[in-house]
Amino acid sequence: DADSSIRAVVLTSGLKVFSAGMNLKEAIEFSDADQTAVVDGLNHTYTRLYSLSKPVIAAANGAAIAGGLFFILAADYTVASERGKFGLTEVRVGVTFPIAPLEIARAALSPSAFRQVLLGGNLFSAAKARELGIVDEVVGSDNVMERALGVARDYAAIPPKTYANVKAQLREKELNIINTVLAEGTDATRNGW
């Protein structure tokens with residue numbers, strides 16, 4: 001945020017997946033204190049990403065599943081590989097959403113898509129993810145980064161203060177909810193999910 005030489009951010013992965021979220025096999029062994037630390041970390045990370053004043057473009061070169069999908073939902077624009085799979089599978093494995101990811105998903109998705117994605121816990125093809133508004137654009141696997149950089153260049157050309165102000169206006173309601181819950185320490189998932 002403070003570096004004026006950075007005009008846009010592109011998130012991607014060097015792996016076959018964009019992000020598969022947390023290793024739930026490890027999470028099963030977490031103590032209550034571990035779970036609280038993870039929830040606090042997730043809330044902090046996703047809130048910072050969601051509130052970043054710069055354009056954030058996701059180059060989803062592969063699947064984005066569970067917690068990994070929130071990098072996409074928090075971004076300003078997502079270019080996805082036609083081979084990608086996308087979804088929030090938490091409900092199927094007994095995981096409740098912390099406040100920041102929940103409010104980010106609520107803001108990013110239509111009410112119908114929000115209900116389908118969170119309550120169904122299914123994975124969607126890139127084409128279906130586009131239809132649901134999870135991603136903005138689907139391209140061939142070899143073109144994801146090139147297209148994402150093109151979008152980043154376009155967004156970077158927008159006057160930065162104006163971009164930051166409009167983005168803050170668009171996200172004000174959700175950020176107020178998230179920040180209030182975090183300040184009060186009332187996120188129910190802090191006591192275990």
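**Exercise 1. Determine which residue of S2 stands opposite Val 10, and place the strands in their sheet.**

Solution. Val 10 stands opposite Ile 57 in S2. The model is predicted, local features need pLDDT of at least 70, side-chain atom pairs count only at pLDDT 80 or more, and totals for chains, interfaces and linings use all residues. Residues are numbered from 1 along each chain as its sequence is written, and side-chain values use heavy atoms, with hydrogens and water left out.

Step 1. S1 and S2 run parallel and are joined by three bridges; two strands pair if DSSP finds at least two bridges between them. Strands (E, at least two residues) and helices (H or I, at least four) are DSSP runs, numbered from the N terminus.

Step 2. S2 and S4 pair in the parallel sense over four bridges, and Ala 59 stands opposite Val 79 in S4.

Step 3. S4 (residues 77-81) is joined to S7 by three bridges, again in parallel; Ser 81 has Val 139 as its bridge partner in S7.

Step 4. The result is an open sheet of four strands in the order S1-S2-S4-S7. S1 (9-11) and S7 (137-139) stand at the edges with a single partner strand each, so one side of each is left without a neighbour in the sheet.

**Exercise 2. Establish which way the side chains of S2 point and whether they are buried or exposed.**

Solution. Step 1. In a regular strand the side chains alternate between the two faces of the sheet.

Step 2. Val 56, Ala 58 and Ala 60 point one way from S2, whereas Ile 57 and Ala 59 point the other way.

Step 3. Five of the five residues of S2 are buried, where buried means under 20% relative accessible area, exposed over 50% and partly exposed in between (1.4 Å probe, protein chains only).

**Exercise 3. Classify the aromatic pairs formed by Tyr 155 with Tyr 77 and with Tyr 163.**

Solution. Step 1. Rings of Phe, Tyr and Trp (its six-membered ring) pair if their centres lie within 6.5 Å; planes under 30 degrees apart count as stacked, over 60 as edge-to-face and the rest as tilted.

Step 2. Tyr 77 and Tyr 155 lie 6.1 Å centre to centre with 70° between the planes, an edge-to-face pair. Tyr 77 belongs to strand S4 and Tyr 155 to helix H8, 78 residues apart.

Step 3. The rings of Tyr 155 and Tyr 163 have centres 5.9 Å apart and planes at 55°, so this pair is tilted.

Step 4. Tyr 77 and Tyr 155 are buried, and Tyr 163 is buried as well.
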